[in-house]
Structures are given as C-alpha cells and as structure tokens.
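Me: Hey, I've just opened this one and I'm new to it. Can you walk me through it?

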Amino acid sequence: MAAIAYPDRNFKYWLISPAIFLLLLIGLFPLIFSLVVSFMRVTMLETDTSFAGLLNFIQLFHDARLWQSLAHTALVIVIALPIELLLGLAMAYLFLDRMPGRQILISLLVLPTIISPIVAGATWRLLFDNRYGPINQIIGWFAGYPVAALWTVNPRLVYPAIIFCEIWQWTPFMFLILLAALSNVDRSLTEAAEIDGARFWRSFRYIVLPAIWPVMSIAILIRGLDLFRIFDIIWALTAGGPGTMTETISVYAYVQGFRQFESSYTAAIAFLVIALLTVIVTFAIRRMGLAK
Amino acid sequence: MSDLKISGLHKHYGAYHAVKGIDLEVPSGEFTVLVGPSGCGKSTLLRTIAGLEEASAGTIEIGGKDVTWARPRDRDIAMVFQNYALYPYLNVYENIAFGLRARKVASDEADKRVKRAAEMLGIAQLLQRFPRELSGGQRQRVAIGRAIVRDALLFLFDEPLSNLDAQLRDDMRVEIKRLHQELGRTMIYVTHDQIEAMTLADRIALLRDGRIEQLGAPLDLFERPATRFVAGFLGSPKMNFLPATIESGDVALRDGTKLTLPAGRKAPNGQAIILGLRPQHIAKAGASAAPGHVQLPSTIELVQPTGSRVQVSMPLGGSSITAEFAAHEVTAPGEQVRIDIDMTRAVLIDPQTDKVI
Amino acid sequence: MKTVPFHRRKETKLALRYLTAVSLVVIFAFPIYWLFAMSFKTPGEIFAFPPVWYPRSIQFNNYAVLFKDGDAKTVGNSLVLASVSTFFAMILGTIAAYSLVRFKTGGENLAVWIISQRMIPPVAIVFPVFLLYVWLGWVDTYIGLIILYTAFSLPYVIWMMRGYIEDIPLELEESALIDGCSRWEVLWKVVFPMARAGLFATAVFTFVFSWNDFLFALVLTRTEVATYTVQVTHYFGGQSNFWSKIAAMSVLGTIPVFVTVATLQRYLVRGISMGAVKG
C-alpha cells in the first residue's frame, strides 16, 4: 500500500495494538495460565502450588469420564453435522429459484438460528415436556394412544432430543450459506451440462459441488468446531444427564472446574483442548488460505 | 527556480528495480509529461513524487524543500487520479471542498474557491449532485476541480484521461491545456498516449524501463530523437525502420536499392545502420525531386483511409513500409506509383547501440 | 408415453416446491410459535392436558410478573453488555482490520492467529478468566463482561471487516492523504463511511452473538449483572419447570434480536456467509 512517511511509521502498530492486547487476554493468557496451573495441585479447597509434574496429564489419560465425554462429543458431531449439511443443501436447492413470498419464507426459516442456544434448549424443553409438551401429543396422534415419553431423562431419548434441537437451530445456518453459494454458481455451466445430456447427479457432482466446495468447507469447519464446543443446548435440556450420559467435553470441563473445583485438573483439560484445537484450526486456516 | 527537482531517484519493489536513477528538474510553471509504454515506471515515479510510494534512494525537492521523507500532505501537491477517486457519499461541492476542509480553511474562503474552480471547469451547476449521477467526463472535471481548488505548488496527473472514450478524451485534453495556460502552475502529467504527450507538454520525459530515455520539447524529440526507441515511440503511424549499410555516401538497402544521403549528412562508410523514415516524409512524387529527396517507383500493397489522409503500405528495400499520402492520391492496391522520400528528415541509427547517429 | 404439456409440468413443480417450502417453514417456526404462545397462556392453559394449541386470549400477566420480580432487569443488563461491547469491538476491530489489510501488519502469521482465536471454545478460557477476574474483583461487574465480550468478538469483526475494507478503492484514501488528511482522518472520513454497509452487518451479528451468550455470563455474573440467558435457566427445575417465566423471559430476550434482524436482513446475507461468499 501507500508508503508511510517517517513521521507515521508507527501508525499501523497503534491501530492494531488495542485489539491485540484484548486478544491476548482471551488467547494467550488462558493458554499460559492453564499450562502453569496444570503443573500444580490446585483445587478450590487447597491451593497447593507445588510442582506436580505431569500428574494431571497422566490423570487425563486414565480418566474414563473424560474419554467418554469426548466420545459423546464425537457422537453429536458425527450425527448432527451430516444431517445439517444435507438437509441444508436440500433446502437451499428448494429455495434457489423464485417463488412467491420467498423472502418472507426465508426470513422465517432463519429465526431458529438467531435465538440464543439457551432459549432454543428451553423451547425444546417445553416441547418435550412429558405431560404438557406438544411433541408427545403429536406422537400420540400417530400412535393412537397417549404417549408420555421422558425426552430429557430417558437414556434412549436424550440424544435424539439433543440432536433434534441442535439440528433445528443450526440447519437454517447451513441453509443460508449454501443458498448463497449455490446462487453464485454460474448458470451457464449447468445449462451447458444439461444440453450435453447430464442428469442431476452428474451435474451436481462434477459442476456444482466443486464450485461450492470452498464455501461449504468453511461452513463445515465452523459448524464442526461449534459442535465440538456445544454447551448451552445440552445444559438446557439435560445438564449432561442422566448421570453423565450426555456429558460432552465442554460440559465435563465446566463440571470439573465449577462443581468439583478441581482447578489444576481443569486447567490441564483446558490446556489440552486449546492446544489441540489451535493446531487443527491453524492447519485448516492455512490450508484454506483464509488468512490471505 | 525549479519547482521540482529529482536527483538520483531509485525505487525497488523487493527484487524488482522499477525506477533506475532518475534526474529531473522542472522549472516553475512548466507542463512536463512523463510518457512511455506500460511498465516503464512512469506511474511509480509520479507516485513517489507524491509520497504514495517510498523512494529507495535519491532525493526529491519540491519548491526548494527536501520532501523525500515528508508525508504526502506536507509536499504542497495536488493529484488527479485515473479513476477520479471521488467520494461517493459526498456531493460535488463537498468533494471539491474536501481538501480545504481537511486543512481547516475558513468556510467562506473555501466557498469562494470551490465556486471559482467549478466555474473554471464548467461544472458550477452540478455542485449539489452526487458522483453516481454524473457522466465520466463530469466526474473527471470534479476530480480536477478538487485538485486546483487547493492552489498547490505542483499538480500531478496520473493518466486522467485513460478511462474516457476517444471523443471525450480530445475535449478534455483541450480543457487541461487551457487550464494550464490560465493557472500557470507546474504540472506533471503521466500518460501512455503519445498524442496527449505531444499536444500537452512543454517538455516530454520519455521513460523506458525505469530510466529517462530522452528529455526535451515535443518537437525536439520528434524531429531529433536520440535513440531508436524514441524515434519509434512518437509519431503515428509509426516510423519505418529498414536495415541498411552505408556505401560511399549512399544508404544501401537490403535489396540493393540505393538512397542518396543529402549533402552535409555524414556517415562512416561501410557501417551497418538502420534507416528510419517517417510515413509523413514519404509522399507521392511530384514533377522532380527537391534537393535531398529521392524518388523511386513502387507498387501499392494495402490502402487504409483515415479521413483526410490515407495510410499506404508498399515494399521498399526488402521490407514493407507505411507512407502517408493525402486522401485521394491513391486508389487501390496493385497501383504503381512513384514515391518521393525526404532524406533530409531521415534518421540513421546504429544497430549496436540503438542510438541515432 | 403420454407427455404432459410443458407449462403444466412447470406449474406442478412450482406447486410442489412451494408446498414443501411452506411445510418446512411451518415445522421450523412451530417451536418459536409455541414459545410465544406459551408466554401468553394462563397457568390453566399451560398445564392443560391435552395441550392447548393457542391461548384463548392474549394476556400479559406473565410479562408483568417479570417486571415486578425484577427478572426484566436482566434483559436490560444484556442490552448494556451487548451494545457496549459491540461498540468497542467494532471500533477496535475495524481499525485492526485496516492495519492488517493496508499495511499487512504482522504478515500472514498474525492474521492466522487472529482468525484462529474465533475457534477457541469458551469453556477452555472461562476458567482462567474467572480466576483472573476474582483476583481483579471483576466478577459480576459490567466492566468485566464488557471487556470479555469485546475481546471475544474481535476475531469475527476483524475477519469480516477485512473483506469490506479490501473493497474500498485505494485511490480514495490516497487522494485524501494528498489533500491534507492525516492517517487518522483518512480512517474516520473515508474508510468508515465507505465501509458503512459492512459495519452495519457485522455490528448486528456481533451484537447477536454477545446477546445470546450463556457460558460466560453463567460463570462471571452473579446477581448484579446477570443476563437474561442466565436468568432463564434459574427457572429450570429437576421435577417441574416454571414454564410461564421461562417462556416469557425467553420471548423478552428474543424479541429485540428478531426486530433487529428482521429490519436489516437485506444487509445481512454476507454476514451470515461469514464473508466466505463474495457479494
């Protein structure tokens, strides 16, 4: 860009330093702090700052509950993400061409995404209420007899409940992104393919998919990471229960830190999570050229 | 007193050496045009003068002050950009007044100056409009207005007419020339169009590859080019270049055709040269050849009428040349004509150094 | 094979599409309708079995109770926290983005680091931040949460504004520099006005993100600065839930967002696409 004359040399640093300073607060500070504390034996009851070596990290490996929470998290991601993606894609195709009231319909469709995840969880808590919730009522209509399923307590129903709520809230997000991406695909390409005889799937696989892949991959990355840190919805519906059945990594870390007060151990978990994610995310960002 | 003095200016972009040692002194009130093919460094030079690029080496003095490290706004300059650079969210009045407001000029003083500039450019009735409502030519005038309203010492123009269509360009060229006469300010003008250069400049600096190839009045460069590059760049249609050798005072073309050099024109015998002939100096032969002219028969290959003139291609000395005749002197290809070459205007070039002998 | 006339085929397709679309919208909007409806129901209607599908009359008693009991104050807290932090994040983030775009400050590495901060899970940083705030005495204070929300919004603001700033023609800034503006003046007089649309869209999304936050508020507020998201969860019960309060609180906390997004939705497509899709 334009040269900076001598007097203005430091301008660019002044501009960015407040932001950097604040970012260090949430970026570097927790990392270092967690690392340091994780080498101690601090709990809310005893502040034992003696060096504990890798004690906490070793404990991590042996912590079955931790690994289960990771498995729970993986379960949520593996089920919810593909559904959101495919459903969002299908919906995007549905709304791609004009139709009456398209704008209004899309605005209504987007509502779930802009409410707070806690409110979303609360809403579905209402819906899933075993006695007064409409979901059970509707199921009862189809089944022919009254149903009083305990969606937020029954071990067989908690995951479907969580996943329904999650998909309800975030499919519209995928939908919007994919709609924008699909709208930007050059029509002449698909039209030429159609004239050449390609049916829908062939056209989709070789023309549309490569065209929307850059956007789609970013959306998958963002949603995948958001699903990894899922907290609010689970907290609202089951609080990790029954027992620890729906405890994802975020919920587990929260419980360890603010219920059990195992400060050092929580720090170890936190450090591990931050370090791991930073590596994955940095790799992904560089690979996708997002920083250019 | 020179308003602009550049000494030993260099500009590097990493490994790329864009400006290679420029020395230029522009006296007060002069209109200097920096012209050259794309990539020659003319825009870089202008932007460095403006302070938008940092010089890698050398000094720049404006109005006697060393401004090599000064901020753009401290250099007492005004600039007109190729893409007008108008603020879309301000109306024409505010666009023109922008610089005055930035320098905290009093409201009524600013008002006077804006109105005066608008009058001068014929846009006084557009002052309340917004840029998106204006045509290309009008926008360019507003951009120029914004520059002249500040009464700067040096005016810089970065290819201001390149975005306009041909007709508009001609009109605006006249405007700019008139502006210079009225204001009498020192102006540095960058263009790739040699016609703009020829018509507007008091002096032309022809740039090539980051260096000034030749500096001088337009007619100087046109009639007495220093190198082959200068000879070929100025003039439309382009000068013809024919490889030849000097044989006892004659120019011997490749196919043996001999053209006599006029008396007083010296050239070392036996030397290989390149003969440069402008199309305007090749005419349809009249009754007899004037001193220094040579007459030859030839056959017309191609005819391109341009209105009052016609460009004619024909073979000469083993190559194809272009001549410019008057409109009705030639009718069709295949026609036999007798051409008259004005050898007093011919340019002899040393093929090793590309310099004019 | 009997061929259907071409224009009939197109109409049937459109009708089918429309039907599917409307059904989808109904399915997606139903829970929200239920929430709103619940907030207007009387206790009798709420605890009815089988469920009552629409309230007989719109009564605002549930809302009145919120105001009386001080729950509504939490919505005010959310408003303060979200708007102030958005304001600062927009300013600091935009000038930082400008530094990145125009001067390539810190090169690619800095840009990568900044963007990666968006992906950090809140749960990983809330613990150290909590301890820090305890030490600073910032728990349950406006300033504590404003600073946190501002910091957390920065990566998104910087990422989005980068794109918008790149779209500003450089010549506008150069011309201003020559005309007499200082670098700061160029920012306020040229860059911010030119990026207006982008500022708008990004601000709305930043506001919504902060407004909807739960975890940070849960950990870092107690009574003074509690946000509506935390307040809603107070009425979750193991055995029974305070439905009317939950519904009314949720609606109170959701209406501002609905209104904002609804009125500005034209500008927001790019924001939702995370700047991934140009135009």
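Reply: Sure. One term before we start: two residues are in contact if their C-beta atoms, placed from the backbone, lie within 7 Å. Also, keep in mind that this is a predicted model.

Me: Okay, so how many residues do chain A and chain C each put into their contact?

Reply: Chain A brings 79 residues and chain C brings 81 residues.

Me: And on the chain A side, how do those residues divide into nonpolar, polar and charged?

Reply: On the side of chain A that touches chain C, 60 are nonpolar, 12 are polar and seven are charged.

Me: What about the largest nonpolar core, how many residues are in that?

Reply: That core has 265 residues. The ones with the most contacts inside it are Leu178(A), Leu156(B), Ile188(B) and Ile158(C).

Me: Pick Leu156(B). Which residues does Leu156(B) touch?

Reply: Leaving out residues up to four places away in sequence, Leu156(B) touches Leu46(B), Ile49(B), Ala50(B), Ile77(B), Met79(B) and Ile188(B). Ile188(B) is also on that list of residues with the most contacts inside the core.

Me: New topic. Where are the domains in chain B?

Reply: Domain 1 covers 2-233 and domain 2 covers 241-349. Taken over C-alpha atoms, their centres are 39 Å apart.

Me: How many residues are in contact between those two domains of chain B?

Reply: Four residues of domain 1 of chain B meet five residues of domain 2 of chain B. On the domain 1 side, two are nonpolar, one is polar and one is charged.

Me: Now sheets. What is the strand order in the five-stranded open sheet of chain B?

Reply: The order is S13-S12-S11-S14-S21, with antiparallel pairing. Strand S13 (258-260) and strand S21 (347-349) are the edge strands, so called because each pairs on one side only. From one strand to the next, the twist averages 40 degrees.

Me: How many bridges join S11 and S14 of chain B?

Reply: Six bridges, between residues 240-247 of S11 and residues 272-277 of S14 in chain B. Across that pair, Leu242(B) stands opposite Leu275(B).

Me: And S18 with S19 in chain B, do they run parallel or antiparallel?

Reply: Antiparallel, with eight bridges joining S18 (residues 309-316) to S19 (residues 319-326) in chain B. One partnership there is Val312(B) with Ala323(B).

Me: What sits between the strands of that hairpin, S18(B) and S19(B)?

Reply: Two residues lie between the strands, and in this hairpin Gly317(B) takes a positive phi near 55 degrees.

Definitions and conventions: Residues numbered from 1 in each chain as written. Chains lettered and ligands numbered in written order. Predicted model: local features only at pLDDT ≥ 70, side-chain atom pairs only at ≥ 80, totals over all residues. Domains from an automatic or database assignment. Nonpolar A, V, L, I, M, F, W, Y, C, P; charged D, E, K, R; others polar. Helix = DSSP H or I, 4+ residues; strand = E, 2+ residues; numbered from the N terminus. Axes fitted to C-alpha atoms, helices over the stretch in contact; angles between N-to-C directions. Core = buried A, V, L, I, M, F, W, Y, C linked by C-beta atoms within 7 Å. Buried ≥ 20, exposed ≤ 12 C-beta atoms within 10 Å, placed from the backbone.
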